[in-house]
There are 2 protein chains.
Amino acid sequence: MSGDRPRIRAAGRTRGVPEATVARLPVYLRALHALADTGCDTVSSEELAVAAGVNSAKLRKDLSHLGSYGTRGVGYEVSLLVDQISRALGLTQRWAVVLVGVGNLGHALAGYAGFASRGFRIAALFDADAERVGERIAGLDIRHIDDLDRVVEEEQVSIGVISTPSAAAQEVADRLVEAGVTSILNFAPCVLQVPDGVDVRKVDLALELQILSFHEQRKADIAKGPHGVNGTAINGTMKGGAVTPLPAPRVDDAREVVGQ
Amino acid sequence: MSGDRPRIRAAGRTRGVPEATVARLPVYLRALHALADTGCDTVSSEELAVAAGVNSAKLRKDLSHLGSYGTRGVGYEVSLLVDQISRALGLTQRWAVVLVGVGNLGHALAGYAGFASRGFRIAALFDADAERVGERIAGLDIRHIDDLDRVVEEEQVSIGVISTPSAAAQEVADRLVEAGVTSILNFAPCVLQVPDGVDVRKVDLALELQILSFHEQRKADIAKGPHGVNGTAINGTMKGGAVTPLPAPRVDDAREVVGQ
DNA sequence: ATTTGTGAAAATATTCACAGCG
DNA sequence: CGCTGTGAATATTTTCACAAAT
């Protein structure tokens with residue numbers, strides 16, 4: 001993801017780890033930590049694959065991109081694999097991140113223990129609302145966005161999290177980039193424009209539900225038996241009651257990423 | 001996504017919309033709504049593609065899976081496209097969802113306006129903590145998890161959102177499935193085991209940061225100039241060596257999806 | 001005996017580039 | 001003309017299946 005940036009190539013051979021693999025490494029890492037916590041020293045690709053929810057061939061292929069860290073006939077040493085995946089992901093250092101937008105969601109993110117436990121340190125919280133500056137959340141003072149440059153430099157921040165309303169997100173992204181941030185995690189439901197060299201990943205809460213909606217509908221259609229001429233067919237009643245003949249409701253959205 | 005389920009096929013031809021396309025439809029829908037709000041009646045694939053952050057060939061191919069709704073030489077009528085995508089995604093009905101786990105994140109999700117504005121209605125909030133039952137959040141009473149079955153049936157709920165601690169997530173998923181839910185959005189950083197026919201999508205906040213970490217590291221390496229002979233290369237000890245001075249930090253994680 | 005690591009095959013996804021329609 | 005819709009060409013990802021290693 002991260003836009004449609006082409007992978008770097010060297011002499012015709014694709015260099016580095018495939019993007020699809022990168023996206024799964026954190027899942028393996030999670031599974032390995034869980035295994036380690038149960039006192040497990042070694043795992044087979046099959047066991048780890050089950051724990052990670054993928055098939056074992058895929059897991060082995062993925063790991064093979066990092067090097068050859070298994071023992072044939074035995075499996076993988078958990079702690080070694082944890083180290084290698086951590087290294088591959090760049091988690092041997094603790095990244096400083098700034099979080100911009102301390103609304104409903106930003107508040108929750110600020111308190112998210114998973115960030116700290118998985119390699120990240122929130123260096124500062126920012127909000128544009130002068131009212132909220134100085135407020136203390138999760139042990140951190142909310143600072144004004146105008147301090148961004150200074151903090152990013154002083155704390156060597158390279159990752160920014162945006163949890164502002166959509167309307168503010170692009171402006172915040174610009175300021176983050178300007179300040180020197182080169183990776184952005186965007187929770188605002190909008191597309192960000194950033195220069196080359198800056199990576200953006202997005203998390204869109206409702207989008208995931210909409211994907212589930214698609215599959216729900218498909219399941220309902222199948223249960224009802226293929227009818228209509230071309231698949232999508234007429235939408236009758238089935239589960240979910242309100243068979244709105246009309247398109248999805250629309251309420252003013254651009255307000256807040258999270259907020260009532 | 002949603003496990004490794006094979007697409008349904010009919011008579012050799014792949015029936016339905018490719019998964020990659022489904023995942024982008026909500027993005028197009030968002031962009032179209034934004035365009036509509038600016039009073040735009042028609043868009044070209046190029047314009048919409050820019051607004052959605054994809055390339056225009058991909059956009060056209062994606063839309064072609066829904067049917068032929070554009071006009072050559074002109075573009076797409078915004079409102080028609082909104083209708084067609086909404087229909088394809090199953091958003092012509094308003095889905096009822098239940099949310100289980102009203103911690104820090106669950107609280108934020110309960111108040112998320114984007115759910116309501118994009119086709120979903122939170123039918124009820126649940127928590128296992130008896131202390132919190134009865135508490136009112138975002139206009140909804142927190143109910144005890146034991147009421148789940150009743151609510152799911154009465155309100156025709158087919159989608160569940162899990163925002164409990166990891167440790168509780170599987171148990172909650174089991175109860176959701178048992179109650180009749182067939183789609184789950186999981187915010188707990190763990191893999192869920194569900195029967196065939198149930199779709200799961202996950203959102204893992206820290207995972208996204210870890211992916212960014214990978215790319216940050218790569219950028220840093222490149223900036224420092226390629227060293228070592230073949231890229232990742234020379235990590236001193238091949239195999240076996242904990243070459244890392246220190247692996248990623250580890251703190252008790254399994255506590256809460258969000259919470260300090 | 002097992003289980004890894006991996007070529008080769010199959011399936012998906014993306015991009016190109018242009019015929020064809022309005 | 002301009003722009004869509006789509007075959008054909010690429011690229012990427014997944015899966016198979018087995019030789020090699022312990």
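**Notebook: DNA strand C, sheets and helix crossings**

I began at the DNA, where a polar side-chain atom of Ser68(A) lies 2.9 Å from a phosphate oxygen of DNA strand C. I note at the outset that this is a predicted model, and I read every distance below with that in mind.

I then looked up two further phosphate contacts. A polar backbone atom of Ser45(A) is 2.5 Å from a phosphate oxygen of DNA strand C, while in chain B a polar side-chain atom of Asn55(B) lies 3.3 Å from a phosphate oxygen of that strand.

Next I asked which residues come nearest among the 26 around DNA strand C. They are Ser45(A), Arg60(A), Ser68(A), Tyr76(A) and Arg24(B). On the DNA side, I found that sugar and phosphate account for 61% of the atoms of DNA strand C that come within 4 Å of the protein. By class, the residues of this surface divide into six nonpolar, ten polar and ten charged.

I also sorted the surface by element. At least two residues each are supplied by α3 (56-64), β4 (70-71) and β5 (75-77) of chain A, and likewise by α1 and α3 (56-64) of chain B; the largest share, four residues, comes from α3(B).

Since β4(A) and β5(A) appear in that list, I turned to their sheet. It is an open sheet of three strands in the order β3-β5-β4 (chain A), with antiparallel pairing, and its edge strands are β3 (42-43) and β4 of chain A, each of which pairs on one side only. Two bridges join β3(A) to β5(A), and I located Thr42(A) opposite Glu77(A) in β5(A).

Helix α1(B) also belongs to the DNA surface, and I followed it to its neighbour α2(B). The axes of α1 (residues 19-37) and α2 (residues 45-52) of chain B come within 9 Å and cross at roughly 110°, which makes α1(B) roughly perpendicular to α2(B). From α1(B), Val27(B), Tyr28(B), Ala31(B), Leu32(B) and Leu35(B) meet Leu48(B), Ala51(B) and Ala52(B) of α2(B). I sorted this contact by class and found eight nonpolar, no polar and no charged residues.

For a crossing between the chains, I looked at α4 (residues 78-89) of chain A and α9 (residues 205-223) of chain B, whose axes come within 7 Å and cross at roughly 65°. These two helices are therefore also roughly perpendicular to each other. Arg87(A), Ala88(A) and Leu89(A) of α4(A) make the contact with Gln210(B), Ser213(B), Phe214(B) and Gln217(B) of α9(B), and by class I count three nonpolar, three polar and one charged residues there.

Last, I traced the open sheet of seven strands in chain B, whose order is β8-β9-β7-β6-β10-β11-β12 and whose pairing is mixed. Why is one side of β8(B) and of β12(B) left without a neighbour in the sheet? Both β8 (136-137) and β12 (199-202) stand at the edges with a single partner strand each, so one side of each stays unpaired by any neighbour in the sheet. Within the sheet, β7 (residues 120-127) and β9 (residues 140-144) of chain B run parallel and are joined by three bridges, and Asp127(B) stands opposite His144(B) in β9(B). Helix α8 (residues 166-179) of chain B packs on this sheet, touching β6 (95-100), β10 (159-162) and β11 (183-186), and its direction makes about 170° with that of β10(B).

Terms used
Residues numbered from 1 in each chain as written. Chains lettered and ligands numbered in written order. Predicted model: local features only at pLDDT ≥ 70, side-chain atom pairs only at ≥ 80, totals over all residues. Heavy atoms only, no water. Pairing = 2+ DSSP bridges. Contact = heavy atoms within 4.5 Å. Axes fitted to C-alpha atoms, helices over the stretch in contact; angles between N-to-C directions. Parallel < 35°, antiparallel > 145°, perpendicular 65-115°, else oblique. Nonpolar A, V, L, I, M, F, W, Y, C, P; charged D, E, K, R; others polar. Near = heavy atom within 4 Å. Polar contact = N/O pair within 3.5 Å; in protein donor to acceptor, adjacent residues only side chain to side chain.
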